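Work through these exercises with the structure open beside you. Each task comes with a stepwise solution.

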2 protein chains.
Amino acid sequence: MSQTAWKRVILCCLVLISTIALSIVMAAAPATAPGIEFTAEGKLKLPTDYRHWIYVGGSVTPNELNRGAALFPEFHSVYIDPESFAQYEKTGKYRDGTVMVKELASVGGKEETSGKGYFMGDFNSLEVAIKDSNRFKNEPGSWAYFNFEYKPTVEKEAAPHAAVACNKCHQDNAEEDFVFSQDYPVLRASKPQSK
Amino acid sequence: MSQTAWKRVILCCLVLISTIALSIVMAAAPATAPGIEFTAEGKLKLPTDYRHWIYVGGSVTPNELNRGAALFPEFHSVYIDPESFAQYEKTGKYRDGTVMVKELASVGGKEETSGKGYFMGDFNSLEVAIKDSNRFKNEPGSWAYFNFEYKPTVEKEAAPHAAVACNKCHQDNAEEDFVFSQDYPVLRASKPQSK
């Protein structure tokens with residue numbers, strides 16, 4: 001072979017080796033969701049990309065129906081990271097590495113031209129649930145839970161809650177693998193057996 | 001130059017010409033949103049990809065708060081196509097070609113471990129709004145509105161509603177360009193001047 005041909009062969013081999021190495025690294029670690037990062041101390045940084053993720057459904061627990069102070073005030077909008085959703089569509093399972101985000105907004109109004117009810121006001125906080133068997137191997141189900149308040153200022157990082165604060169309730173009441181799939185029709189409709 | 005070199009030059013020119021031609025075609029026609037197609041008769045086919053779009057917010061108009069029959073029963077989940085959202089983030093305007101989808105779901109429950117309120121049941125219909133100055137040049141604001149009922153069976157295509165049925169209310173009451181941005185905090189938070 002000429003020198004040029006040899007160079008091409010070597011280049012092809014290098015690309016192949018790099019691709020295999022990258023595949024091995026990606027298979028070993030739980031896949032990361034876009035916009036999800038931790039500090040060196042293991043705190044979660046405020047997620048940045050979740051409004052481009054898959055919306056799975058929402059609910060509203062108005063303060064006025066919960067003695068003036070709902071546990072989660074008031075509108076809940078829930079997202080899942082895109083790759084975990086794609087896996088859920090195939091398997092009906094929440095893969096290791098799944099991230100779910102619940103953004104909370106106040107009730108902004110109770111009547112519009114579309115009728116009487118509840119309409120969204122301003123965002124007030126963000127809740128995050130992450131399943132990671134490496135990072136959270138001591139948490140039940142490997143799920144950890146985080147909260148970011150937006151007021152008076154937006155919190156930029158958060159430590160995981162103690163298991164008793166969030167995990168316990170999800171473990172006891174959520175329909176499948178700590179997730180309240182029962183309240184989110186996109187999840188119910190996307191499960192393989194429902195198609 | 002050798003024959004091989006000439007072939008390469010010709011190939012490069014062809015690729016360049018094709019790219020320019022494609023850019024001109026794409027600039028002339030309103031961009032299409034993924035999963036949005038029309039029949040030869042101008043009916044809209046049931047959109048297929050909107051659950052991968054950008055969720056902009058939701059509301060709930062329960063039947064029980066609207067004399068037993070809400071105009072839009074009951075949960076509203078609203079999406080915008082991704083490219084139009086990217087443009088909105090830059091310009092604060094709804095570009096020609098914008099598609100918004102509102103998926104409606106029933107109220108499935110009124111109490112969960114998170115509190116009292118309204119929780120999603122099953123999907124029941126889909127509403128679609130499309131701004132297209134070519135296809136809907138005779139509609140006010142170039143916006144046309146479509147509805148797909150899911151029951152008793154899922155409707156597969158829909159003709160646009162008469163302007164008086166939907167367009168008029170949007171024209172009179174929506175905050176900006178026939179869109180009720182006032183009820184959707186993702187849109188409010190994404191406008192350039194709000195960042």
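Two strands pair if DSSP finds at least two bridges between them. Keep in mind that this is a predicted model.

**Exercise 1. Find how strand β2 of chain A is joined to β5(B), and name the bridge partner of Ser59(A).**

Step 1. Locate β2 of chain A, residues 54–60.
Step 2. Count the bridges to β5(B): there are 2. With at least two bridges needed, the strands pair.
Step 3. Check the direction: the two strands run antiparallel.
Step 4. Look at Ser59(A): its bridge partner in β5(B) is Phe119(B).

**Exercise 2. Describe the extent of the contact between chain B and chain A.**

Step 1. Count residues: 42 of chain B are in contact with 42 of chain A.
Step 2. Take the area: the two chains bury about 3,400 Å² between them. Carbon and sulfur atoms carry 58% of that.
Step 3. Count the polar contacts: 10 residue pairs between chain B and chain A, with both residues at pLDDT 80 or more.
Step 4. List the elements of chain B that give two or more residues to this side: β2 (54–60), β3 (75–80), α2 (82–91), β5 (115–131), α3 (167–173) and α4 (185–190).
Step 5. Pick the top contributor: β5(B) gives the most, with 9 residues.
Step 6. Sort the side of chain B that touches chain A by class: 20 nonpolar, 15 polar and 7 charged residues.

**Exercise 3. Identify the salt bridges between chain B and chain A.**

Step 1. Start with the total over all chains, which is 16 salt bridges.
Step 2. Restrict the count to pairs between chain B and chain A: 2 remain.
Step 3. Take Asp122(B): its side chain meets that of Arg188(A) in a salt bridge, 3.2 Å from N to O.
Step 4. Take Arg188(B): it forms a salt bridge with Asp122(A), with the closest N and O atoms 3.2 Å apart.
Step 5. Place this pair: Arg188(B) is in helix α4 of chain B and Asp122(A) is in strand β5 of chain A, so the pair joins two chains.

**Exercise 4. Work out which rotation superposes chain B on chain A.**

Step 1. Read the operation: a rotation of 180°, with 0.1 Å of shift along its axis. The RMSD is 0.1 Å.
Step 2. Name the relation: it is that of a two-fold axis.
Step 3. Compare the contact surfaces: 100% of the contact residues of chain B recur in chain A, so the same surface serves both copies.
Step 4. Find the residue of chain B that comes closest to the rotation axis: Tyr55(B), at 3.1 Å for its C-alpha.

How values were computed: Residues numbered from 1 in each chain as written. Chains lettered and ligands numbered in written order. Predicted model: local features only at pLDDT ≥ 70, side-chain atom pairs only at ≥ 80, totals over all residues. Heavy atoms only, no water. Contact = heavy atoms within 4.5 Å. Buried area = accessible area lost by both parts, 1.4 Å probe. Salt bridge = Lys/Arg side-chain N within 4 Å of Asp/Glu carboxyl O. Polar contact = N/O pair within 3.5 Å; in protein donor to acceptor, adjacent residues only side chain to side chain. Helix = DSSP H or I, 4+ residues; strand = E, 2+ residues; numbered from the N terminus. Nonpolar A, V, L, I, M, F, W, Y, C, P; charged D, E, K, R; others polar. Least-squares fit on C-alpha atoms with pLDDT ≥ 70 in both.
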